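User: I have a sequence and a model in front of me. Let us go through the model step by step.
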Amino acid sequence: MTTGYKLRWYDAQQNVEDSIYFAKASEQYTLQDIYLSWQPKAHKDLMLRATVKNIADVYYEPYLSNGVPGPGREVRLSMTYDFLTHYLWLLEGVISIG
């Protein structure tokens, strides 16, 4: 099992031209993410993952976004299975038997 934590800090962008042709100033913000991945010992071809981005659901407007807010809390669950490795193992068994 693997776990992790990611902290992202973005500084304010205040040194911008006051014009409709340039990007607006932006405030500083901090985002936090956590993740977990697990691979069962009995099934090496299987991988389960969970990720939560922006844990605190912080409202922020990234620099150069022209007032469009960044995404809020995002939860991702995934499961992957490596069929090719399993298939090649079966194919090897068939070739050696036949």
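User: What share of the 98 residues of the protein counts as buried?

Analyst: Keep in mind that this is a predicted model. A residue counts as buried when its relative accessible area is under 20%. Of the 98 residues of the protein, the share that meets this cut-off is 14%.

User: In what order do the elements of the protein run from the N terminus on?

Analyst: Start with the inventory: the protein has one helix and four strands. Read from the N terminus on, the order is β-β-β-β-α.

User: How do the four strands line up in the sheet, and what is the pairing?

Analyst: The four strands form an open sheet. Their order in that sheet is β1-β2-β3-β4. The pairing is antiparallel.

User: Why is one side of β1 and of β4 left without a neighbour in the sheet?

Analyst: β1 covers residues 2-10, and β4 covers 74-81. Both stand at the edges of the sheet. One side of each is left without a neighbour because each has a single partner strand.

User: What is the average twist from one strand to the next?

Analyst: The strands in question are those of the open sheet, β1-β2-β3-β4. Going from one strand to the next, the twist averages 15°.

User: Over how many bridges does β2 pair with β1, and over how many with β3?

Analyst: Both pairings are antiparallel. β1 and β2 pair over nine bridges. For β2 and β3, which spans residues 46-53, the count is five bridges.

User: Which residue in β2 is the bridge partner of T2?

Analyst: Look along β2, which runs over residues 29-38. One residue of this strand, S37, also touches T2. The bridge partner of T2 is S37.

User: Is S37 buried or exposed?

Analyst: S37 touches M1, T2, M47, L48 and R49, leaving out residues up to four places away in sequence. Its relative accessibility is 15%. The cut-off for buried is under 20%. S37 therefore counts as buried.

User: Which residue in β3 stands opposite W38?

Analyst: β2, residues 29-38, pairs with β3, residues 46-53. Across that pairing, W38 stands opposite L48.

User: Is K44 buried or exposed?

Analyst: K44 sits in the loop between β2 and β3. Exposed means over 50% relative accessible area. K44 has 55%, so it is exposed.

User: How far apart in space are K44 and Y81, C-alpha to C-alpha?

Analyst: Along the sequence, K44 and Y81 are 37 residues apart. In space, their C-alpha atoms are 8.8 Å apart.

User: What is the phi of N54, and what is the phi of D57?

Analyst: N54 and D57 both lie in the loop between β3 and β4. Neither is a glycine, yet phi is positive in each. For N54 phi is about 55°, and for D57 it is near 55°.

User: How do N54 and D57 count by accessibility: buried or partly exposed?

Analyst: N54 has a relative accessibility of 3%, so N54 counts as buried. D57 comes to 41%. That value lies between the cut-offs of 20% and 50%, so D57 counts as partly exposed.

User: How far apart are the C-alpha atoms of Y63 and D11?

Analyst: Y63 lies in the loop between β3 and β4. Along the chain, Y63 and D11 are 52 residues apart. Their C-alpha atoms are separated by 9.6 Å.

User: Which residues is Y63 in contact with, leaving aside neighbours within four places in sequence?

Analyst: At 35% relative accessibility, Y63 counts as partly exposed. Its contacts beyond those neighbours are Q13, V16, A23, K24 and S26.

User: What share of the contacts with a separation of 6 or more comes from residues 24 or more positions apart?

Analyst: Take the contacts in the protein with a separation of 6 or more. Residues 24 or more positions apart account for 42%.

User: What is the volume of the largest pocket, and which residues lie nearest its centre?

Analyst: The volume is about 190 Å³. The lining has 16 residues: eight nonpolar, five polar and three charged. Nearest the centre lie A25, S26, E27, Y60 and E61.

Note on methods: Residues are numbered from 1 along each chain as its sequence is written. This is a predicted model: local features need pLDDT of at least 70, side-chain atom pairs count only at pLDDT 80 or more; totals for chains, interfaces and linings use all residues. Side-chain values use heavy atoms; hydrogens and water are left out. On a 1 Å grid over the protein atoms alone, a cavity is a set of points where a 1.4 Å probe fits but cannot get out, and a pocket is an open set with protein on both sides within 12 Å along at least five of seven lines; lining residues have an atom within 4 Å of a point. Grid points are joined across faces, edges and corners, and a volume is the space filled by probe spheres set on the points. Ala, Val, Leu, Ile, Met, Phe, Trp, Tyr, Cys and Pro count as nonpolar, Asp, Glu, Lys and Arg as charged, and the others, Gly among them, as polar. Helices (H or I, at least four residues) and strands (E, at least two) are DSSP runs, numbered from the N terminus. Buried means under 20% relative accessible area, exposed over 50%, partly exposed in between (1.4 Å probe, protein chains only). Contact means heavy atoms within 4.5 Å. Two strands pair if DSSP finds at least two bridges between them. Axes are lines fitted to C-alpha atoms, for helices over the stretch in contact, and angles run from 0 to 180 degrees between N-to-C directions.
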